[in-house]
Amino acid sequence: MTTLYAKELEIAQLAVQRASILTKRVFHDSAKGTLSKSDASPVTIGDFGAQALIISALLHNFPHDQVVAEEEAADLRANPSLRDQIFELVRTTKLDDVASEGLLGGAIKDADSMLDIIDKGNSKGGRVGRIWTIDPIDGTKGFLRGGQYAVCLALLEDGEVKVGAIGCPNLPVDDSAPLTADIGANATDEEGRGVLFSAVIGQGATSRPLKTGALAEGKSISMKPITEMSNASFCESVEAGHSNQSESAQIAQKLGITRPSVRMDSQAKYGSIARGAGDIYLRLPTSKTYQEKIWDHAAGDLIVREAGGQVTDTRGNRLDFGVGRTLATNSGVIAAPAAVHGQVLSVVQEVLGVK
Ligand code: AMP
Ligand code: MG
């Protein structure tokens, strides 16, 4: 008997692992000042390169699936030297295990094919069929800062997340390492860092060291039960514009939480609470008009739920990934262990005045 989504899970993890190698190369080249003759930022180069590598692996294995990805190639078409610079990185980034690299289909043929591959991420999303969603570098500010960022990939089928993979090059490998206050800043990928989270619907969540070749062995992860709310901690965005930090402080106070929030960029927050390093992730809307993007949440939503959590918006509704490229019908995110989610939600609603 084959396990459901086994191939999708393997390809997703290998694709994230390979794209993570590219983002790390870009980070280190830019730190050394050897990155570029062009004016493009390391984020631009890393985003396009990682997206190209992931989509090429998906098209090789699942040619009929659609893809919703953050970037489009128009700017690169107008800038051949940037295109060539990115293609050189993409062409030379490989898993160092020949069989694993082979599973991803090997290298992209040429620079123009790379542009077409990047533009395959233009699906409108929706509630029908198989749609992959990609955030090639989630947490771009954290990436630049040497803090947290994540390479994120999820498979939606008929609007539901079935498979998720998140590569976090700068999180500790050790699932039980406590979240330190400087995790969002001082965390480049030296020894002991780099973790790959994954989940398949109904099959639990896993973490494994993020490697450069074949997949490492995985361990099952689960959220930490909260016995005393006063010992719990919040994870939230570093960017005050992405989540209302003064409201989250009021919510913490009402819940009796005394520890300061741990701030970090990207879906590393979902991974961190899923393995019990943190407890609760709050994302409180800062504007009425901003719509969350599906690629910022799909993988994290599944990984947390498969680790024993519940994920809803501030109205208590599950995140609806079948509406399109954005979570147009949701508002904010509350992710917490299932046993306390209701309690957290009711305090969030009290503070936000949501009905
Ligand atoms: P984080 O690192 O958790 O703060 O989230 C990073 C993501 O926030 C980016 O990938 C953006 O898509 C998204 N973002 C951009 N503007 C906003 C906003 N006003 N509110 C919430 N999220 C945003
Ligand atoms: Mg993002």
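Modeller: Helices (H or I, at least four residues) and strands (E, at least two) are DSSP runs, numbered from the N terminus. By that count the protein chain has 11 helices and 12 strands. This is a predicted model, where local features need pLDDT of at least 70, side-chain atom pairs need 80 or more, and totals for chains, interfaces and linings use all residues. Side-chain values use heavy atoms, without hydrogens or water.

Biologist: What makes the protein chain as compact as a globular protein of its length?

Modeller: Its radius of gyration (over C-alpha atoms) is set against the globule rule, 2.2 Å times the number of residues to the power 0.38. The chain comes out at 19 Å, close to the 20 Å given for 355 residues, so it is as compact as a globular protein of that length.

Biologist: Why is the Ser237 pair with ligand 1 called a polar contact?

Modeller: A polar contact is a pair of N or O atoms within 3.5 Å. A polar side-chain atom of Ser237 lies 2.6 Å from a ligand 1 oxygen, so the pair qualifies. The side chain of His242 also has an N or O atom 2.6 Å from an oxygen of ligand 1, and for Arg283 the distance is 2.8 Å. The protein buries 82% of the 510 Å² that ligand 1 exposes alone (Shrake-Rupley, 1.4 Å probe).

Biologist: What makes up the shell around ligand 1, by class?

Modeller: Seven charged, four polar and one nonpolar residue. Asp, Glu, Lys and Arg count as charged, and residues around the ligand (a heavy atom within 4 Å) include Asp135, Lys269 and Glu292.

Notes: Residues numbered from 1 in each chain as written. Chains lettered and ligands numbered in written order. Polar contact = N/O pair within 3.5 Å; in protein donor to acceptor, adjacent residues only side chain to side chain.
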